[in-house]
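This briefing goes through a single protein chain by topic, from charged pairs to pockets and surface. Please keep the sequence and the structure in view while reading.

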Amino acid sequence: MTLSLEPKIHDIDATTLKQWLDREEVLLVDVREPAEYAGEHIPGAQLMPLSGFNPAKLPQNGSKKLVLHCQSGRRSYRAAQLLLEAGFPDVTQLQGGLTAWKAAGYRTLINKKAPISLMRQVQIVAGSLVFIGTTLGAFVSPGFLILSGFVGCGLVFAGVTDTCMMAQLLAKLPYNQVKN
């Protein structure tokens, strides 16, 4: 049997994270965007959005385990890769993210006055643009149908690459710049 000394990303489940939090053994870092964090987050989680993620600015606490999380696990995996590239020997993330945490029945802090989620904002804007493009294309000029096609292509690109440019633009709006 050989031991692997290569850096790696470890996944933990919500129950393990809950136990570590209860024993105050973990530094939990939420890599979602500020508006998402403001709307709902795991108690005790510190915000460090992936959009500005800098391993050098990570809070240091040698006695605690570092655990990353996001909504589903995709962004925390990207942040974990950045930490590995920066020389961290091992990185831990919450498998399934906030979604798994809530599915396990654990408490979150919810702010009803926070901006609506970026995904809902994307759905509203994309749907509105498609509706406007189609309506103008039908009643004003067929050239307006290009708008609907452009939005459709953008949504396909977002699905294939897991990168939504509209969400990135919406995240920069002032009402989405909520502080921790």
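Which side chain does D22 meet in a salt bridge? The partner is K18, with a distance of 2.8 Å from N to O. The model discussed here is predicted, and the points below take up its overall layout, its salt bridges, its two largest pockets and two local features.

**Overall layout**
- The chain contains seven helices and seven strands, which follow one another along the sequence in the pattern β-α-β-α-β-β-β-α-β-α-β-α-α-α.
- The C-alpha trace spans about 65 × 40 × 30 Å along its principal axes, and 36% of the 180 residues of the chain count as buried.

**Salt bridges**
- Side chains of opposite charge can pair when their charged atoms come close.
- In this model the count of salt bridges comes to six.
- D22 and K18 both belong to helix 1, where they sit four residues apart, about one turn of the helix.
- D22 counts as exposed because its relative accessibility is 53%, whereas K18, at 26%, counts as partly exposed.
- R75 and E36 also meet through their side chains in a salt bridge, at 2.8 Å from N to O, and this pair links distant parts of the chain, since R75 lies in helix 3 and E36 in helix 2, 39 residues apart.
- With a relative accessibility of 14%, E36 counts as buried.
- A salt bridge also joins K102 to E40, whose closest N and O atoms are 3.0 Å apart; K102 lies in helix 4 and E40 in strand 3, so the pair ties together parts that are 62 residues apart in sequence.
- K102 is partly exposed at 37% relative accessibility, while E40 is buried, its relative accessible area being 16%.
- R23, E25 and K65 are joined into one network by salt bridges that share partners.

**The largest pocket**
- The largest pocket holds about 1,200 Å³ of space, and among its 39 lining residues the closest to its centre are E36, R75, L118, M119 and A167.
- E36 and R75 are thus named both here and as partners in a salt bridge.
- Helices 2, 3, 4, 5, 6 and 7 each supply at least two residues of this lining, and helix 5 gives the most, with five residues.
- By class, the lining of the largest pocket is made up of 17 nonpolar, ten polar and twelve charged residues.

**The second largest pocket**
- The second largest pocket has a volume of about 210 Å³, and its lining includes A126, L129, F150, F157, C164 and M166.
- Helix 5, helix 6 and helix 7 are the elements that give two or more residues to the lining of the second largest pocket, with helix 6 giving the most, at six residues.
- The lining of the second largest pocket divides into eleven nonpolar residues, one polar residue and no charged residues.

**Local features at the surface and in a loop**
- I116, I124 and V125 make a nonpolar surface patch of about 220 Å².
- Within this patch, I124 lies in helix 5 and counts as partly exposed because its relative accessibility is 47%.
- E24 has a positive phi of about 55° although it is not a glycine.
- E24 is found in the loop between helix 1 and strand 2, and it counts as exposed, since its relative accessibility of 62% is over 50%.

Note on methods. Residues are numbered from 1 along each chain as its sequence is written. This is a predicted model: local features need pLDDT of at least 70, side-chain atom pairs count only at pLDDT 80 or more; totals for chains, interfaces and linings use all residues. Side-chain values use heavy atoms; hydrogens and water are left out. On a 1 Å grid over the protein atoms alone, a cavity is a set of points where a 1.4 Å probe fits but cannot get out, and a pocket is an open set with protein on both sides within 12 Å along at least five of seven lines; lining residues have an atom within 4 Å of a point. Grid points are joined across faces, edges and corners, and a volume is the space filled by probe spheres set on the points. Ala, Val, Leu, Ile, Met, Phe, Trp, Tyr, Cys and Pro count as nonpolar, Asp, Glu, Lys and Arg as charged, and the others, Gly among them, as polar. Patches are made of residues with over 30% relative accessible area and no salt bridge: like charges are joined within 9 Å, nonpolar side chains (Val, Leu, Ile, Met, Phe, Trp, Tyr) within 5 Å. Accessible areas come from the Shrake-Rupley method with a 1.4 Å probe; for residues, only the protein chains shown count as cover. A salt bridge is a side-chain nitrogen of Lys or Arg within 4 Å of a carboxyl oxygen of Asp or Glu. Buried means under 20% relative accessible area, exposed over 50%, partly exposed in between (1.4 Å probe, protein chains only).
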